[in-house]
Amino acid sequence: AMVGYHLLTQLTSFDKSLNRISDVCWFVAIPALATTTLSATIGSLGLENAGLINWSDYLGIWFTWWLGDSMGVLLIAPAILTSTKWFQNPWAQVNRTELFFFFLSLSLACITFFTDFFGYTHGSKISADEAFYYFIFIFVIWAALRIRQHGTTIAILMISVFAILGAVDGHGPFLANDISVTLFKMHMFLASMAIVAMLSAAEVEQRKQIEDQKMIEEQLIKNEERLRQAQQIVGLGYFERDLISESLFWSDEMFEIFGVTGERPKLSNKLFLEFVHPDDREKVIHAIQKTLKKIKAQETEFRIIRPDGVVRHVFTVRKSLREESGRPTKIMGTMVDVTDEKLAKDALKESEEQFRNTFEGSHVGMTITGTDGQFLRTNQAFRDFVGYNQAELSNITFKDITHPDDLQISLEDRSSL
């Protein structure tokens, strides 16, 4: 058994869950056939060399030995190999009521067909309707389709135990005058059942994996389309640079940001830097180098020049991906065109500057007050006129500097605003 498992793991990509058809085939070929043949040959030769058997009995001893070993491998080993699934709540996806009725029905069928509990086997006599015993295949197919490989191997083990105990007790469909014939008939039935059951369960599992993979791929396509639409709506571009192959990827929005239409050029970091405004190129190179040295995402705002000569302002967020050793392997990030926001911000700044110059340079006294009459801001002409500095005016209201005879008029004028 150890030799067979070692050969399986060394020569093939064997998975002990037996959820692939190739795993079942390799399991049957190596442990169940090859290693058991080797074991029976070595064991029988050992008995002959020790003088315990004659050469005339060698073939019969070898055949009996091989039948026992191969039955043990085919019927018991699969349940042991898949036993790790039992501790991972393997029945979570199985209907508990169906599971109960399956094992109950299987137990009753085994008791009926392989023992004399209900008198079906008529003592030590084989029933005339011997073919009816293949009704048991319904249960292994049921197991393969509904309770997967770990349930199938348990069902195989249950059927084998009942069949062997029944044969030992002199009941069941496998009895013959010669014990070798009995073993052979029982082995062929149980081996056929086990192989068909495990192959069926593996086929079901592989189909489920294909369907799951297909669903994942379809969901991934949907998510990518949603992401693409979201990026298109907000004008968000995505880029990725492979530092090992020096390849560069741009999303469709990146080409739109850079104003690239028609045939798309071969992307490279050199081409990207050619798009960057000459006055900002050094700034961008420094930002990229900083991204390679730091784990946190880095933000940069710079200008690009489109092929038509139009200058645009862009904002990027970059982050490097690293190996376990810390070596950076990729730079990925997003880019958005902030030209409109930049122009609006500059226009607002210019407007504020013009207001400030007009306010401070005016020869007419001007003030900005709160709703409570507090002086928030005053220009120099006003301060010269009332004889207070800004600090003093900040602690009083217009009522404090208005003549009492004019206060009521000032309040009425203020309330009408």
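This report looks at the overall form of a protein and at some of its charged side chains.

The model is predicted, so local features need pLDDT of at least 70 and side-chain atom pairs count only at pLDDT 80 or more, while totals for chains, interfaces and linings use all residues. Residues are numbered from 1 along each chain as its sequence is written, and side-chain values use heavy atoms, with hydrogens and water left out.

**Overall form**

Let's start with the whole protein: its secondary structure comes to 15 helices and 7 strands. Here helices (H or I, at least four residues) and strands (E, at least two) are DSSP runs, numbered from the N terminus. The radius of gyration is 43 Å, well over the 22 Å that the globule rule gives for 417 residues, so the protein is more spread out than a compact globule. That radius is taken over C-alpha atoms, and the globule rule is 2.2 Å times the number of residues to the power 0.38. Along the principal axes, the C-alpha atoms fill a box of roughly 135 × 55 × 45 Å. Buried residues make up 36% of the 417 residues; buried means under 20% relative accessible area, exposed over 50%, and partly exposed in between (1.4 Å probe, protein chains only).

**Charged pairs**

Side chains of opposite charge can pair when their charged atoms come close. How many salt bridges does a search of the whole structure find? The search finds 15, a salt bridge being a side-chain nitrogen of Lys or Arg within 4 Å of a carboxyl oxygen of Asp or Glu. The table shows some of them.

| Salt bridge | N to O distance |
|---|---|
| Arg-303 and Asp-280 | 2.9 Å |
| Glu-301 and Lys-342 | 3.8 Å |
| Arg-306 and Asp-337 | 3.8 Å |

Take Arg-303 and Asp-280, which meet in a salt bridge. This pair links distant parts of the chain, 23 residues apart: Arg-303 is in strand S3, and Asp-280 is in the loop between helix H10 (269-275) and H11. Is each partner buried or exposed? Arg-303 is partly exposed at 23% relative accessible area, whereas Asp-280 counts as buried at 10%.

Next come Glu-301 and Lys-342, which also form a salt bridge. Glu-301 lies in strand S3 and Lys-342 in helix H12 (residues 339-361), so the pair ties together parts that are 41 residues apart in sequence. Glu-301 counts as partly exposed at 32% relative accessibility, and Lys-342 counts as partly exposed at 26%.

Finally, Arg-306 and Asp-337 meet in a salt bridge. Salt bridges that share partners join Arg-306, Arg-312 and Asp-337 into one network.
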